[in-house]
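Let us take a friendly walk through a protein model, one region at a time. Keep the 3D view open and turn it as you read.

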Amino acid sequence: MSNRRDFLKFMGAMSVMTTSSSCSNHQKKPNTFSSINPTSTDNVILAEGLSYKKLISWNESLTAKKKFGFNNDFISIINIDKNNAIMWVNHESVTPLFVSGYSGKDGKSKSKEQIDLEKDNVGGSAFKISRKNENSSWEVVVNHTINNRLDAHSKIPFAPKQKIFGSETAIGTVTNCAGGRTAWGTFLTCEENYYNVYGQSAYFKGQRLFKSSLPSKASWEASEPRLPEHYGWVVEYNPVTKEARKLVSMGRFCHEGATPVVAADGRTVVYMADDAANQFVYKFIPKKKGSLVEGELFVADTNSGKWLSLSYKKNELLKINFKSQQEVLIRARDAAKLLGATPLDRPEDIEINPKTGEIFIALTNNKKKGNYHGSILKIIEKDNDYLSMTFKSETFLLGGVSSGFSCPDNMIFDKSGNLWLTSDITGKAIGKGPYKEFKNNGLFYIPLSGEDAGQVFQIASAPNEAEFTGPCFSEDYKTLFLSVQHPGEKSKSMKSLSSNWNSLKQGDPPRPAVIMITGPTLDKIV
Ligand code: FEO
Ligand code: CA
Ligand code: CA
């Protein structure tokens with residue numbers, strides 16, 4: 001093995017094949033703090049020198065009429081000044097039992113009232129946060145004019161203006177997973193597993209054949225069926241004008257997130273992943289600076305290191321198989337597959353290393369291929385140019401017992417270029433089979449320089465069945481905002497709750513929340 005990185009990769013690979021008796025990150029001691037052990041405790045457990053407070057929990061008021069939704073995920077902030085900021089938070093889904101009281105057990109279908117309540121609780125929240133001074137905690141400014149909600153009832157136009165199956169607007173934004181923030185003060189919120197609520201259309205030889213509804217507790221099909229083609233987009237939200245639009249040119253698939261980065265010529269390139277087994281990574285190059293409305297979509301062929309264009313007019317194969325550019329964008333998955341894009345192991349969050357410009361992609365897992373613990377892929381554009389059509393790629397780190405994490409999902413870099421990572425072992429798999437030793441989901445810290453480079457330290461452990469999502473640093477890096485999503489999501493009934501985290505009182509449902517992690521350890525290591 002030529003170097004330490006190869007050794008780490010090797011160790012990660014070994015962990016896929018073996019079942020060691022303990023995770024190797026137990027109480028590893030970097031210079032400044034002790035890593036925590038994996039735990040099954042129904043609470044947020046933090047490494048020494050860290051503590052947390054809640055910023056906002058499910059159902060708390062943003063205005064007299066608008067409330068913070070359920071299952072908060074992606075978090076982003078636009079700084080106004082050092083003590084004031086605008087925060088955006090996605091609400092990916094609901095746990096029906098907690099939000100509408102629907103258990104799916106008595107054979108009844110969801111009522112319209114239940115569906116409407118669930119629709120109110122997804123989408124995203126925009127709100128003002130402030131603090132008194134640099135040593136005090138951030139708080140939500142309730143009733144501020146910025147405070148607003150997008151949900152599954154919001155009317156949102158397609159941009160550029162066009163009709164998709166007869167309509168220039170979609171009703172609602174749904175399954176909002178991760179996202180991004182542009183340099184011109186807008187948030188990107190990404191529609192991921194829309195088929196869970198509105199089903200999926202099937203196409204054959206360019207003909208739209210039928211829509212299949214997946215039988216699921218999440219489905220809203222019983223009340224008002226909607227066109228799946230109106231979902232699966234990146235939605236841009238301007239918190240000042242309160243306008244939203246679905247960016248059609250960026251393609252339609254199960255968008256995990258959208259990671260903007262400014263290229264040498266000033267245009268904002270966006271990297272995106274399609275979170276499903278054997279789906280692809282995309283890049284969008286806009287036509288102009290300061291806008292993502294028009295541009296060209298590319299998909300990654302990581303085998304040959306090429307970005308493949310999904311431009312209809314440039315590609316004969318697309319012309320033969322699709323009727324229009326719009327159809328290519330609506331069926332981006334089919335078009336990408338046709339062109340020979342490289343299937344990946346559930347690509348999720350993408351973050352750009354601020355020190356090197358390299359593009360880090362979390363590949364969560366691919367259980368069908370026996371890959372249970374996932375990995376982190378790195379793309380290095382030719383000459384570090386985000387407009388480049390060629391790149392190199394390599395595995396940065398493999399998940400597994402040896403590396404100490406499994407199922408990487410959301411990531412963020414701190415100001416020193418250290419990588420922070422959250423895990424997404426599904427609620428039903430936590431503590432079982434290949435995931436036994438990892439116990440509850442966690443937050444991990446991976447220094448990329450210094451003597452601990454490439455080592456994985458567990459910083460936090462999530463409540464039962466929860467997942468940490470949306471890590472986001474305040475501008476001064478003194479606060480790490482983090483979503484606690486879906487605690488107790490597998491509870492069978494209100495009488496047998498599997499988590500009580502952040503419940504209002506005994507017997508009430510656990511509440512997802514945005515927490516703020518602070519402390520001397522954070523100050524030392526970021
Ligand atoms: Fe919503 Fe791919 O996590
Ligand atoms: Ca995610
Ligand atoms: Ca996930």
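How are the donor residues of the calcium ion (ligand 2) spaced in sequence? The pattern is C-x78-E-x152-D. Please keep in mind that this is a predicted model.

## Two calcium sites

Let us look at the atoms that hold the metals. The protein donors of the calcium ion (ligand 2) are Cys-177 through SG, Glu-256 through OE (listed twice) and Asp-409 through OD (also listed twice). These donors lie 2.3 to 3.2 Å from the ion. The six donor atoms around this calcium ion (ligand 2) subtend angles of 44 to 154°, and that makes the arrangement irregular. As a yardstick, ideal angles for six octahedral donors are 90 or 180 degrees.

Cys-177 sits in strand β10 (residues 176-181) and Asp-409 in strand β27 (residues 408-413), so this pair ties together parts that are 232 residues apart in sequence. Are Cys-177 and Asp-409 buried or exposed? Both Cys-177 and Asp-409 are buried.

Which residue bridges the calcium ion (ligand 2) and the calcium ion (ligand 3)? That residue is Asp-409, and the two ions lie 3.3 Å apart. The protein donors of the calcium ion (ligand 3) are Glu-348 (OE, listed twice), Asp-409 (OD) and Asp-424 (OD), at 2.2 to 3.2 Å. Along the chain, the donors of this ion (ligand 3) follow the spacing E-x60-D-x14-D. Asp-409 in strand β27 and Asp-424 in the loop between β28 and β29 are 15 residues apart, and the pair links distant parts of the chain. Like Asp-409, Asp-424 is buried.

## Strands side by side

Strands of a sheet pair through backbone hydrogen bonds, either parallel or antiparallel. Strand β27 leads us from the metals to an open sheet of five strands, in the order β1-β30-β29-β28-β27, with antiparallel pairing. Its edges are β1 (45-46) and β27, each with a single partner strand, so one side of each has no neighbour in the sheet. Within this sheet, β28 and β29 are antiparallel partners, and Leu-421 stands opposite Phe-444 in β29.

Another open sheet has four strands in the order β2-β33-β32-β31, and its pairing is antiparallel. Here β2 (51-57) and β31 (467-473) are at the edges with a single partner strand each, so one side of each is left without a neighbour in the sheet. On average, neighbouring strands of this sheet are turned by 30° against each other, direction ignored. In the pairing of β2 with β33, Ser-51 stands opposite Thr-518.

Strand β15 (residues 244-247) pairs with β8 in the parallel sense and with β14 in the antiparallel sense. Ala-159 stands opposite Leu-247 in β15, while Glu-236 stands opposite Arg-245 in β15. β14 and β15 form a hairpin with six residues between them. Lys-242, in the turn, has a positive phi of about 65°.

Here are several of the pairings together.

| Strand | Partner | Sense | Bridges |
|---|---|---|---|
| β8 (residues 155-159) | β15 (residues 244-247) | parallel | two bridges |
| β14 (residues 234-237) | β15 | antiparallel | four bridges |
| β28 (residues 419-423) | β29 (residues 442-446) | antiparallel | four bridges |
| β2 | β33 (residues 513-518) | antiparallel | six bridges |

## Backbone surprises

Most residues other than glycine have a negative phi, and most peptide bonds are trans. With that in mind, look at Ala-159 and Pro-160, which are joined by a cis peptide bond with omega of about -5°. Pro-160 belongs to the loop between β8 and β9 (169-171).

Where is Asp-383 found? Asp-383 is in the loop between β25 (375-381) and β26 (391-398), and its phi is near 55°, a positive value. Asn-384 is also placed in the loop between β25 and β26 and has a positive phi of about 55°. Asp-383 is exposed, with a relative accessible area of 67%, whereas Asn-384 counts as partly exposed at 37%.

## One side of a helix

Finally, visit helix α3 (residues 112-120), whose buried residues are Gln-114, Ile-115, Glu-118 and Lys-119. They cover an arc of only 135° around the axis, which puts them on the same side of α3. An α-helix has 3.6 residues a turn, so residues three or four places apart point the same way. The cover over the buried residues of α3 includes α2 (96-99) and α4 (195-198).

Terms used
Residues numbered from 1 in each chain as written. Chains lettered and ligands numbered in written order. Predicted model: local features only at pLDDT ≥ 70, side-chain atom pairs only at ≥ 80, totals over all residues. Heavy atoms only, no water. Pairing = 2+ DSSP bridges. Donors = N, O, S within 2.8 Å, 3.2 Å for Na, K, Ca; no water. Tetrahedral: all angles 85-135°; square planar, octahedral: opposite > 155°, others 65-115°. Buried < 20%, exposed > 50% of the residue type's maximum accessible area, 1.4 Å probe, protein only. Arc of directions from axis to C-beta. Contact = heavy atoms within 4.5 Å. Axes fitted to C-alpha atoms, helices over the stretch in contact; angles between N-to-C directions.
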